[in-house]
Structure formats: C-alpha cells, structure tokens
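User: I'm new to reading structures, so could you take one spot and walk me outward from there? Please keep it informal and explain the terms as you go.

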Amino acid sequence: MADPERLKQAWDEFLLEALDWERVVREWRVAPRATPADLRVHLYSRFDLARGMPVDTLFLRVREELRAALTHVTHPRYFGLFNPSVRPAAVLGDALASLYNAQLAAWGHGAAAIELERLALETLGRGIGFEGASSAGIHATFTSGGNEANLSALQCALAHRYPQWAAVGARGLPPVRIYVSELGHHSVLKAARMSGLGDRSVLELPCDARQRLDATALREAIETDRAEGIEPLMVVGTAGTTGFGSIDPLPMIGGIARGYGAWFHVDAAWGGAASVSKRLREALDGIAQADSVTWDAHKWLSVPIGAGMFFCRHPAAAARAFAVQTGYMPPAAGELGAEPYAVTAQWTRRALGLKVVMALGELGLDGYARLIERQADLGETLRKLLKRDGWSIVNDTPLPVVCFTNDALREGAPEPATVVERIQQRGACWISSLPWRGEPVLRACITSYQTTELDLEVLLAELRECARP
Ligand SMILES: *Cc1c(COP(=O)(O)O)cnc(C)c1O
C-alpha cells in the first residue's frame, strides 16, 4: 500500500515549505476564523479515516486544514502566550527523534540520546547555577513541559521532606502548604491535585504593585500556618509570570523558604531563557539558590512544543519520588546511576531533548544569547512605541512582555476584550488581554526570533485602528 513515489512527493512538499517557512507563514492570517461546530462538520465530511487514502493526498489535505485553522504561533506577529517560532535545526532534531523512535526509559535503549540530552542540560544548567547534570550532583531531565516539571518539583519536595511519602501517600502526612504568588502558574494547583494534596494545600499570596510576590505576606502566611500546625512544604518563586513577565524577589523568598525548612522551587518556565544572556541573567538573581527549577525549552528557546526541563539539586529526592523496581525492564546501567524511568515522572519517553541539542548545537550559547537579547530589545522598543502613541505600561519586567492600557480602555470605550477581538478578527496580529487589579489590560509578548521593528509598527497601527471608541 505504501507507494514510494507518493511518499517522496509528500516529503518533497514538506521540505519545500520547511525551507521557506518564514516567508510562507508571514503571508497568512495569524489566527483562523473557524468556529468549533463548523470546523467539525467540515473535517468530518472531508476525512474518512476508516477508509485509507494515498499518503501524498492525505498529507496535502491535512496541511491545508492546519493552514486554515490554527493560530500560527510561528507568525512573527503572534504577540502571544510564550509559544515560539521554531529553529529549523530543532525541527530536524524532532524529526530524528521520530524516525529513530529513540526510547529513553532505559539507558541501554536510549544511550546516545540520553547522553546528548544530558550534555544539553549540563550546558544550559550552568547559566542558572545548576552545573553538574553530567555527574551525580544534579538531577536534570527533559519533561513534556512546565506542568510536568512543576509536578516533579512537588513530588521531589514531598519525597525529600517525608521519606514515608512514596509508600503511604498524602494521607500519611501532616497538613502541608505550598506558597505561590497570585500570578504564579496554575500548573502548581494541578500538581497539588495530582499529588493528592488538593487545592487547599496551595496558598496564593498577593503581589506588590510590580506584580512580584510580596515577601512580607509570605513570611506572615508561613507563621500563621505553623501556628495552626500546617507545615510549609514548598515556596514557589516565579521568574517570568505568564501574564506579566514579572520576576519574584528570588533571593528574599529563597531565604524565607530556607529559614523555615521549605523546598524552594523556581518556576522559570519562560524566563529561564534569560540566563543564556550575560546581560539579562542578573534579572534571575537568586535562582541558583533554588532546590529545583522549571525551565521550558519550548517557551523561549525557540524549539517545537514538547520540551520542558527540570533541574533538581537533590538527586536522592528524585530517586525516592520515582523509584520502582521491575523484573521486565533491562538491568540498571551500573556506574551511570539510576535508569531514567526510575528517577522521572515518565516511563517510555520520547527524545524530547534532541531538538534542543540541535538548536543549541547550531547556535551555541552566544548565538542563543543574541536571539534572546534581540527579543528583549524589541520588547523595549515596543514599550517606547506604545508610550509614543499615548498608551501607559502597567507591568514591570526586563523581559519582552508588555501589558498596557489607556484612558479610553479604562473607561471601557472600547472594552479591552473588544480591542483584542477586533485585532484577532483582522488577522494581521495576535494579542491578548488579562486582568490587573480588577481592570483588563492588553498584553503583547515578543515570542518570535523573527519579529522585526516593522512588525511592531504594524501592531501599533492595528491598535490605532482597533482601539477607537
Ligand atoms: C507555561 C508555563 C507553565 C506550564 O508549562 P507547560 O509547558 O505549558 O506545561 C508553568 N509555569 C509558567 C510560569 C509558565 O509560563
């Protein structure tokens, strides 16, 4: 049934598009106009997956649907939610992972992929003070994303603090608390649920006017909890909040966490990438004190989705949290230490990190730093252009997320949601809105290494057009 000519046809099409991607994607609307009901009717009538069809025809049809009904996050004017444009080298790495179907559960199966990943983790880990991923000193692994990394952090914290946890579960523990700012990521809430601790174990603390966790509130909350017999298990500092890009005062809250014997986790899912730049690294000051760090390569390292990173200073905690013994897995790799499946949340695991190996290997750290700094500079330019046009900036971060409003929007004429809707409808740009202190504001993030000053001018023109009363 597989026809080599047709297969080649499909690959040729793929290659043509991949080589010309930046130009191709620029021509399209950033976001589709599809509604769920219409799209479903359309797709279900067009595809009969039960029947089978030639691969090149199928490829072209699937591609056509993706073109028409995806938000194109690799569009240079997608000013969105931390979804990057992807480096071509990373796409090659991902393709290799698929073709070879590397299995990283056990060293014997995934040897070269596991060690290449480790090299990438070691190289990137240095910037955040987690050197040693190649030795036994640091536990580091690629994860499906930040959600899994944050879950891993919580489970390591539990295993570290309560050696009995792996055996008896949450029921066998005293009441515990996890502290995170009101602007922290809600994957922390999911992690608490998945660990059997529940939402009430998570305390969301207020932020100051600069969108940073209020350290005094943290200290008071811990004191209150302790007086009531609730143990401070973990303090989460966010380095680059999803909404505002703000960075919690890591040295201060890390110090508080340590003072109370709590695990200090830094969620740097997006902001972690600032560490590759000598200039921007200081914004992450204090991250090296963390017990663990979440850093997504698929946020700001410009690789395809499906690559988080988890760094942990306590390999024994990871071993305790995830250890299992089986007779059906290959025997342990001896001097190399624990098998991946026995120290991480996943079992069968794709070679998620190969795309990072390829992107990093091509650019080097300096090349990466230039991309990151260029995007930070564009964020600065965007702030200036917005001020020029009478907008006021409401967030405070050296990273390229810009949240803004003006008097008309404050008075609801038009509503910020209406501005967003108009802009998305027109298709030239994509931005979002979110609430700050009870009022919605607009949000634009430089997510693509291919965004230019001209793209920013397009955004400003769209804002002028769409923010009219
Ligand atoms: C995106 C994000 C996460 C969740 O990561 P996923 O890769 O989406 O699972 C966690 N924390 C922060 C701060 C994020 O921005």
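Which residues does Q450 touch, not counting residues up to four places away in sequence?

Analyst: Quick ground rules before we zoom in. This is a predicted model, where local features need pLDDT of at least 70 and side-chain atom pairs count only at pLDDT 80 or more, while totals for chains, interfaces and linings use all residues. Residues are numbered from 1 along each chain as its sequence is written, and side-chain values use heavy atoms, with hydrogens and water left out.

Now your spot. Setting aside residues up to four places away in sequence, Q450 touches E22, R26, P76, S85 and D455; a contact means heavy atoms within 4.5 Å. Q450 sits in the loop between strand 11 and helix 17 (453-466). Those labels are DSSP runs numbered from the N terminus: helices are H or I with at least four residues, strands are E with at least two. Q450 counts as buried because its relative accessibility is 17%, and the scale goes buried under 20%, exposed over 50%, partly exposed in between (1.4 Å probe, protein chains only). Further along the chain, P469 is 19 residues from Q450, and their C-alpha atoms are separated by 32 Å.

Step back from the loop and you meet strand 11 (residues 439-445), which is joined to strand 10 by five bridges, the two running antiparallel. Two strands pair if DSSP finds at least two bridges between them. One bridge to look for links P435 with P440 in strand 11. Strand 10 (residues 432-436) has a neat pattern: S432, L434 and W436 point to one face and are buried, whereas S433 and P435 point to the other and are not. That's the textbook idea at work: in a regular strand the side chains alternate between the two faces of the sheet. The hairpin has two residues between its strands, and R437 there takes a positive phi near 50 degrees.

Is that odd? Most residues other than glycine have a negative phi, and most peptide bonds are trans. So here are some other spots to check on your screen. N101 also has a positive phi, near 45 degrees, without being a glycine; N101 is in the loop between helix 5 (88-100) and helix 6 (107-125) and, at 61% relative accessibility, counts as exposed. S302 isn't a glycine either, and its phi is positive at about 55 degrees, but S302 is buried, with a relative accessible area of 1%. As for peptide bonds, a cis one joins A413 and P414, with omega about 0 degrees. P414 belongs to the loop between helix 15 (407-410) and helix 16 (416-426).

S302 is a handy stepping stone, since it lies in the loop between helix 12 and strand 7. Follow strand 7 into its sheet: seven strands form an open sheet in the order 1-7-6-5-4-2-3, with mixed pairing. Strand 1 (139-143) and strand 3 (202-205) stand at the edges with a single partner strand each, so one side of each has no neighbour in the sheet. From one strand to the next, the twist averages 20 degrees. Strand 1 runs antiparallel to strand 7 (residues 308-312), and five bridges join the two; T143, for instance, has G308 as its bridge partner in strand 7.

Helix 12 (297-300) takes you to the ligand: helix 12 and helix 7 (146-161) each supply at least two residues of the shell around the ligand. Helix 7 gives the largest share, three residues. The shell has 14 residues, and the nearest are G146, D267, D296, H298 and K299; a residue gets in with a heavy atom within 4 Å. Look next at the ligand's oxygen atoms. A polar side-chain atom of D296 is 2.6 Å from one, the side chain of H298 has an N or O atom 2.7 Å from one, and a polar side-chain atom of T242 lies 3.1 Å from one. On its own, the ligand has 380 Å² of accessible area, and the protein covers 85% of that.

Terms used: Axes are lines fitted to C-alpha atoms, for helices over the stretch in contact, and angles run from 0 to 180 degrees between N-to-C directions. A polar contact is a pair of N or O atoms within 3.5 Å; within protein, one must be able to donate a hydrogen and the other to accept it, and residues adjacent in sequence count only if both atoms are side-chain atoms. Accessible areas come from the Shrake-Rupley method with a 1.4 Å probe; for residues, only the protein chains shown count as cover.
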